[in-house]
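This report describes selected residues, charge pairs and overall figures for the protein shown below. It is best read with the structure open alongside.

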Amino acid sequence: MKFIINSQLFAKHLQALSGVLTTNNNVPIISCFHFHLDDKTLTVKATDMETTLMVTMELEEAKVENISEIAVPAKMLLDILKSLSDEPITFAVDEGNYSIEIVSREGKYHLAGQNPESFPAMQDKGDTTKVVLPASVLVNAITKTTFAASNDDMRQQMSGIFCELTPEHTTFVATDAHKLVRYRRLDVVSDEAKSFIFPKKPINLVKNILSANKEECDVTMEYNQTNVFFSFGNMFVACRLVDGKYPDYERAIPRENPFRLTLDRASFLNSLRRVSIFANQTTHQVRIKTGGNEIIITAEDIDYSNDARERLSCEYEGEPMEIGFNAKFLIEMVSNLDTENILMQMSHPSRAGLLTPVVDDENSKEDILMLVMPVMLANS
C-alpha cells in the first residue's frame with residue numbers, strides 16, 4: 001500500500017474521526033484508525049465498539065500491491081500530521097511487517113502499524129427506513145436539545161436524545177427531569193411512525209462534523225431496530241441506539257398556563273448572568289417576581305452576605321407571582337433561543353414554567369418548547 005496525499009487535508013479528515021476514539025486496554029486496536037485502499041479510494045474508519053465513523057478520500061496517486069488494509073496508531077499519526085506544513089506527503093506500508101513510512105519535505109518518519117484482522121466490523125445495516133433532512137435542521141435539533149439531556153449513566157434512556165418520526169412532523173426531545181426541551185420540525189416527515197433514542201456522544205460527533213462543514217448539504221438518516229446510520233458528503237456514521245423506553249414527555253408539559261410573561265431575550269439573558277453571580281453556588285437560585293409591566297430578578301447567598309437585584313420591563317398577563325428557578329438552567333435555555341422576544345408561561349410557583357420563542361412568521365416550520373422545573377422558595 002502506497003499513496004500520496006496533502007498533509008492538512010489528511011489531518012482534517014482524521015481529526016473528524018478522532019472524536020470516537022477511546023483507550024481500551026481490553027481491545028487496544030480500537031485506539032487505531034483502520035485504513036483500506038481500493039484502487040485510488042482510501043477509506044478510513046474509527047470505532048469505540050458502539051459507534052463507527054468512516055470517511056472516504058479520492059487520491060491522485062496510489063498503489064495497492066499485496067496489502068490493502070492496515071491498522072494505524074491514531075494519536076501518533078495525528079500528532080505528526082498536525083505538526084507538518086501544508087504539503088503533499090507519501091504514506092507507504094511494508095507488506096512484510098506492517099511498518100509505516102511517512103515522507104515529507106522535512107524528513108522521514110516510521111511507526112509500527114498492526115494487522116487489521118481484529119479491527120471490529122461495522123454494524124450491518126440490514127433493512128432500514130430512510131429519512132433525508134438538511135444538515136442545518138439536524139444541527140439545530142441537536143444543539144437545542146443535547147444540553148438538556150441527563151448526565152447520569154444510570155439512566156441511559158434519559159442520557160440520550162429521543163427522536164420521534166411521524167407523517168406530520170419529526171420531534172427531538174431531551175430531559176434530565178429538571179429541564180426538558182422539545183424541538184419539532186414540521187417540514188421533516190416519515191411515511192411511518194417510529195421512535196428511538198440516540199446516544200449523546202455520537203449525535204454530538206455528527207453535529208460537530210456538520211458544523212465544521214460550512215456548506216449546506218443533505219443528511220441521509222437510516223435506522224432499524226438497533227442502529228442508526230448517517231451519511232453526508234464523504235462521511236458515514238453508524239451507531240447503536242439506546243435500549244429502553246423513553247419517558248412520556250408529553251405528560252410532563254403543563255397544559256393550563258394562564259400567566260404569560262413576554263421579555264426581551266437579550267436583556268433577560270444578560271440580567272440572569274449578572275444576578276446569578278450573587279446566587280448560592282449550590283442551588284443557583286434566582287427569584288422572579290412578576291407584576292404589572294415589570295419583573296424583579298433577585299438572588300442572594302446568605303452564607304457570604306451576597307445579593308443582587310435587577311428590574312426589567314416586560315409584558316405580563318396574570319396575577320402577581322414570585323417563583324424560583326435554577327439560574328444555570330434558565331441561562332442555558334434562553335441562550336438556545338434565538339428570537340428577539342421570548343414567552344414564559346406559568347401557572348403556580350410549584351409548577352413547571354414553559355419557555356418558547358415569540359415567532360412573527362406564522363409559516364415557520366420550527367416549533368420549540370422548553371420546560372424548567374421551579375426551585376422551592378424559603379418563604380413559599
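## His-13 in helix H1

His-13 belongs to helix H1, which covers residues 7-18. In this predicted model, the relative accessible area of His-13 is 14%, so the residue counts as buried; the threshold for that class is under 20%. Leaving aside residues up to four places away in sequence, His-13 is in contact with Val-55, Met-57 and Asn-234.

## Phe-325 in strand S23

Phe-325 is part of strand S23, residues 321-326. Is this residue buried or exposed? Its relative accessible area is 0%, and Phe-325 is therefore buried.

The contacts of Phe-325, not counting residues up to four places away in sequence, fall on several stretches of the chain. Among them are His-284, Gln-285, Val-286 and Ile-288. Leu-330, Met-344 and Gly-353 are also touched by Phe-325, as are Val-372, Met-373, Pro-374 and Val-375. For one of these partners a backbone distance is available: the C-alpha atoms of Phe-325 and Ile-288 are separated by 7.9 Å, with the two positions 37 residues apart along the chain.

## Salt bridges

Side chains of opposite charge can pair when their charged atoms come close. The model contains 17 salt bridges, counted with a cut-off of 4 Å between a side-chain nitrogen of Lys or Arg and a carboxyl oxygen of Asp or Glu. One of them joins Arg-182 to Glu-250, with 3.6 Å between the closest N and O atoms. This pair connects distant parts of the chain, since Arg-182 sits in strand S13 (residues 179-185) and Glu-250 in helix H5 (residues 249-252), 68 residues apart. Arg-182 is buried at a relative accessible area of 8%, whereas Glu-250 is partly exposed at 24%.

Strand S13 also supplies Arg-185, whose side chain forms a salt bridge with that of Glu-366 at an N to O distance of 3.8 Å. Because Glu-366 lies in strand S26 (residues 366-372), this pair ties together parts that are 181 residues apart in sequence. Arg-185 counts as buried, with 11% relative accessibility, and Glu-366 as partly exposed, with 25%.

A further salt bridge is formed by the side chains of Glu-294 and Arg-311, at 2.5 Å from N to O. Glu-294 is in strand S20 (residues 294-301) and Arg-311 in strand S21 (residues 306-313), and the two are 17 residues apart. The relative accessibility of Glu-294 is 30%, which means that this residue is partly exposed. Elsewhere, salt bridges with shared partners unite Arg-182, Arg-184, Glu-250, Arg-255 and Asp-367 in one network.

## Charge at the surface

A negative surface patch consists of Glu-340, Asp-360, Asp-361 and Glu-362. Of these, Glu-340 is located in the loop between helix H7 (327-335) and strand S24 (341-346). Its relative accessibility of 63% is why Glu-340 counts as exposed, given that the exposed class begins over 50%.

Across the protein there are 37 positive and 54 negative side chains. The centres of these two sets lie 3 Å apart.

## Positive phi angles in loops

Which loop holds Asp-39? Asp-39 is placed between strand S2 (32-38) and strand S3 (41-47). Although Asp-39 is not a glycine, its phi is positive, at about 60°. With 58% relative accessibility, Asp-39 counts as exposed.

Ser-305, likewise a residue other than glycine, has a positive phi near 60°. Ser-305 occupies the loop between S20 and S21, the strands that hold Glu-294 and Arg-311. The relative accessibility of Ser-305 is 65%, so this residue counts as exposed.

## Overall figures

The protein has seven helices and 26 strands. Its C-alpha trace spans about 80 × 50 × 40 Å along the principal axes. There are 380 residues, of which 51% count as buried.

When contacts between residues at least 6 apart in sequence are considered, 66% join residues at least 24 apart. The exposed area of the protein is about 18700 Å², and carbon and sulfur atoms supply 45% of that area.

Terms used: Residues numbered from 1 in each chain as written. Predicted model: local features only at pLDDT ≥ 70, side-chain atom pairs only at ≥ 80, totals over all residues. Heavy atoms only, no water. Patch = residues over 30% accessible without salt bridge, like charges linked within 9 Å, V, L, I, M, F, W, Y side chains within 5 Å. Areas by Shrake-Rupley, 256 points an atom, 1.4 Å probe, with all protein chains shown as cover. Lys, Arg positive; Asp, Glu negative; His and termini not counted. Charge placed at Lys NZ, Arg CZ, Asp CG, Glu CD. Helix = DSSP H or I, 4+ residues; strand = E, 2+ residues; numbered from the N terminus. Buried < 20%, exposed > 50% of the residue type's maximum accessible area, 1.4 Å probe, protein only. Contact = heavy atoms within 4.5 Å.
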